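Got the viewer open? Here's a short walk through the model, one selection at a time.

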Amino acid sequence: MDSRDNKVAPQGETVQILVEFLEVAITSIVFLKGIYPSGAILSLICLCAFERRRYMNAVVQRARHPELQDYIHSTVSGLLPFIQKGLVERVAVIFFNGENIQVERFVFKLIVNQSYESKVENSDLEFALRSFLIKLSVTEPLTKTLPPDCKWEITAYFQTLPSSGTSKDAELWIPTDTKQWQQPPIITPIKSMNSQPLSLQLYLEHPSLSEPKPCE
């Protein structure tokens with residue numbers, strides 16, 4: 001998607017741009033990790049799973065497979081009302097092995113200032129977010145090699161749990177059954193921005209060297 005015209009955006013549009021950015025960034029992470037190789041011999045989804053496109057004047061990857069595209073889009077767009085209310089603290093792309101144990105997490109930590117009333121230039125926000133996409137494209141040396149049976153999911157961490165009785169969007173979210181680490185993870189910063197009304201951090205998390213093994 002091409003960048004928008006250089007116009008002033010209210011806070012609501014800032015959140016919309018953020019959600020759109022998260023969809024593109026998460027797709028880039030999945031592509032980066034090579035979950036769906038370009039060869040067609042493994043499964044149907046491997047065949048041309050991604051295609052190059054431009055977004056915010058940067059070259060990114062777009063998911064072509066309908067199920068993959070729908071999962072990322074519906075999951076991230078479903079966060080919009082909760083981000084607008086300031087309920088979402090972090091959004092993570094979690095990779096885990098066949099025993100459902102996490103092996104790597106890409107974490108977006110976000111803060112949207114709910115009381116910020118000034119307007120924001122689209123071009124300024126997009127310039128800042130574009131730097132995250134550029135940085136993501138060269139982060140592979142910081143990541144770990146995934147096991148052959150690796151799976152992944154998108155997980156949102158809420159400051160307070162939304163009530164399913166008051167929001168249809170809340171019904172789309174269920175508690176994750178992925179096993180959590182018992183020790184604080186090793187954190188590798190990737191990129192951050194601190195501005196108004198949006199502050200955003202992107203970092204990698206890996207299990208601590210002292211993390212108990214499954215057999216322990």
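Start by selecting Ile 111 and Ser 199: Ser 199, in S9, is the bridge partner of Ile 111. Strands here are DSSP runs of E with at least two residues, helices are runs of H or I with at least four, and both are numbered from the N terminus. This is a predicted model, where local features need pLDDT of at least 70 and side-chain atom pairs count only at pLDDT 80 or more, while totals for chains, interfaces and linings use all residues. Residues are numbered from 1 along each chain as its sequence is written, and side-chain values use heavy atoms, with hydrogens and water left out.

Now show all of strand S5 (residues 102-112) next to S9: 8 bridges pair them, antiparallel. Two strands count as paired if DSSP finds at least two bridges between them.

Next, bring in S8 (residues 186-194), which runs antiparallel to S9 (residues 198-206) and is joined to S9 by 8 bridges. S8 and S9 make a hairpin, with 3 residues between them. Two pairs to click on: Met 193 with Leu 200 in S9, and Ile 187 with Glu 205 in S9. Is S9 buried or exposed? Because 8 of its 9 residues are buried, S9 is largely enclosed by the rest of the structure. Buried means under 20% relative accessible area, exposed over 50%, and partly exposed in between (1.4 Å probe, protein chains only).

Time for the core. Select Phe 21, Ile 83, Phe 108 and Trp 152, which touch the most other members of the 54-residue largest nonpolar core. Helix H1 (residues 11-32) gives the most to this core, 12 residues. A nonpolar core is a set of buried Ala, Val, Leu, Ile, Met, Phe, Trp, Tyr and Cys residues joined through side-chain atoms within 4.5 Å. There's also a second, separate core of 6 residues, including Ala 92 and Tyr 157.

Zoom in on Trp 152. Leaving aside neighbours within four places in sequence, its contacts (heavy atoms within 4.5 Å) include Ile 26, Tyr 71 and Phe 95.

Last stop: helix H4 (residues 122-136). Its buried residues include Asn 122, Leu 125, Leu 129 and Leu 136. The buried set covers an arc of only 150° around the axis (taken from the directions from the helix axis to the C-beta atoms), which puts them on the same side of H4. Spin to the face turned away from that buried side and you'll find exposed Asp 124 and Phe 127.
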